Amino acid sequence: MNAKVWLVGAGPGDPELLTLKAVRALGEAQVVLIDDLVNPEVLVHCPQARVIEVGKRGGCRSTPQAFIHRLMLRYARQGKCVVRLKGGDPCIFGRGGEEAEWLAAHGVEVELVNGITAGLAGATRCGIPLTHRGVARGVTLVTAHTQDDSDPHWSALAQSGTTLVVYMGVTRLEQVRAGLLAGGLAPETPVAMIENASLPGQRDCRSTLATMHEDARAFALKSPAILVIGEVAGQAAALQALETVAIAG
Ligand code: SAH
């Protein structure tokens, strides 16, 4: 039997945001390797499977990537149907590309299944349109935390004219803020910091580039959270205000 691994996105948390394809893969799985950002509620779709937790939360105890690779290979070579389940989308800051390349190099067939990435889900759940005619003509997904600790090209991002969605930014708020301000983004640019997007504990803190670090501290913002930086973050607040007026009226 051909060895095969499904690299599946579990979405941002809300189990209703799973794709039908993800549900089908889970239903066929014999082994599921699961990250700690995955909501365990999605496991109702694979009661038959052996579930192995291989969480890699930033800064915490984690399972070495090489060990995860070997586990996937071992089960695939036993002819088992293996699902590697990741939070959000497997290929957005999820090492899906690396894992797919490694598996392919070892003769394992790989099928990638999209998930809804946290940045898109978080914005939508807060009523923020990441692109909006006349306001934002694009969106850039960027991580604030790189393997070699280097900074993204903040000034290029500041000049991009797109909405910025920053992943893994909670511990680097000061660097994000300083980099974008130095790059010429206006201090009054709206910022939304969205924690636990799409989960029952979702919270969002609205701020501006100038005060985001202080507001996040007062709000006790915690990971996982994404930052949405750009005019649209204020646009949504305006929409919400209108709704409140309409309801009150
Ligand atoms: N592959 C994932 C991202 C993994 S990187 C995806 O596509 O969503 C981990 C980062 O994703 C976290 O530091 C945080 O910035 C973001 N994240 C993941 N789940 C989140 C959630 N439910 N709410 C807010 N941010 C989340």
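1. D151 is partly exposed, with a relative accessible area of 44%. Keep in mind from the start that this is a predicted model. D151 forms a salt bridge with R172, and their closest N and O atoms are 3.2 Å apart. The two partners come from distant parts of the chain, 21 residues apart. D151 is in the loop between β6 (139-143) and α5 (154-159). R172 is in the loop between β7 (163-167) and α6 (173-182).

2. Is R172 buried or exposed? R172 is buried, at a relative accessible area of 10%. The cut-off for buried is under 20%, so R172 meets it. Its partner D151, at 44%, is partly exposed. This bridge therefore joins a buried residue, R172, to a partly exposed one, D151. The pair also counts as a polar contact between the two side chains, at 3.2 Å.

3. Stay with the loop between β7 and α6 for a moment. M168 is found there too. M168 has a positive phi of about 55°, although it is not a glycine. Most residues other than glycine have a negative phi. The backbone at M168 is worth a look for that angle of about 55°. M168 counts as partly exposed, with 41% relative accessibility.

4. R95 raises the same topic. What is the sign of phi at R95? Phi is positive at R95, about 60°, and R95 is not a glycine. R95 is found in the loop between β4 and α3. At 34% relative accessibility, R95 counts as partly exposed. The side chain of R95 also meets that of E98 in a salt bridge, with 3.8 Å from N to O. A salt bridge here must lie within 4 Å, so the R95 and E98 pair at 3.8 Å qualifies. E98 is partly exposed as well, at 43% relative accessibility.

5. Now turn to R84 and E99. These two form a salt bridge, with the closest N and O atoms 3.0 Å apart. R84 sits in strand β4 (residues 82-86), and E99 sits in helix α3 (residues 96-105). They are 15 residues apart, and the pair links distant parts of the chain. Where do the two residues lie, buried or exposed? Both R84 and E99 are buried.

6. The R84 and E99 pair belongs to a wider group. Which residues are linked in this network of salt bridges? The members are D35, R84, K86 and E99. Side chains of opposite charge can pair when their charged atoms come close. Across the whole structure, a search finds 13 salt bridges.

7. Next comes the ligand. How many residues surround the ligand? There are 17, and the closest are D89, I92, T117, A197 and A225. The shell divides into twelve nonpolar residues, four polar and one charged. Domain 1 (4-113) and domain 2 (118-238) both give residues to this shell, so the ligand lies between them.

8. Three contacts to the ligand deserve a check by eye. An N or O atom in the side chain of T117 is 2.6 Å from an oxygen atom of the ligand. A backbone N or O atom of P12 lies 3.0 Å from a ligand nitrogen. A backbone N or O atom of A118 lies 2.9 Å from a ligand oxygen. How much of the ligand does the protein cover? On its own the ligand has 550 Å² of accessible area, and the protein covers 92% of this.

9. One peptide bond stands out for its geometry. The bond from S223 to P224 is cis, with omega near 0°. Most peptide bonds are trans. P224 lies in the loop between α7 (212-219) and β10 (225-229).

10. A last point concerns E174. Its place is in helix α6. E174 counts as partly exposed, at 43% relative accessibility. How far apart are the C-alpha atoms of E174 and I194? They are separated by 17 Å, and the two residues are 20 residues apart along the chain.

Note on methods:
Residues are numbered from 1 along each chain as its sequence is written. This is a predicted model: local features need pLDDT of at least 70, side-chain atom pairs count only at pLDDT 80 or more; totals for chains, interfaces and linings use all residues. Side-chain values use heavy atoms; hydrogens and water are left out. Helices (H or I, at least four residues) and strands (E, at least two) are DSSP runs, numbered from the N terminus. Buried means under 20% relative accessible area, exposed over 50%, partly exposed in between (1.4 Å probe, protein chains only). A residue is near a molecule or strand if one of its heavy atoms lies within 4 Å of it. A polar contact is a pair of N or O atoms within 3.5 Å; within protein, one must be able to donate a hydrogen and the other to accept it, and residues adjacent in sequence count only if both atoms are side-chain atoms. Accessible areas come from the Shrake-Rupley method with a 1.4 Å probe; for residues, only the protein chains shown count as cover. Ala, Val, Leu, Ile, Met, Phe, Trp, Tyr, Cys and Pro count as nonpolar, Asp, Glu, Lys and Arg as charged, and the others, Gly among them, as polar. Domain bounds come from an automatic or database domain assignment.
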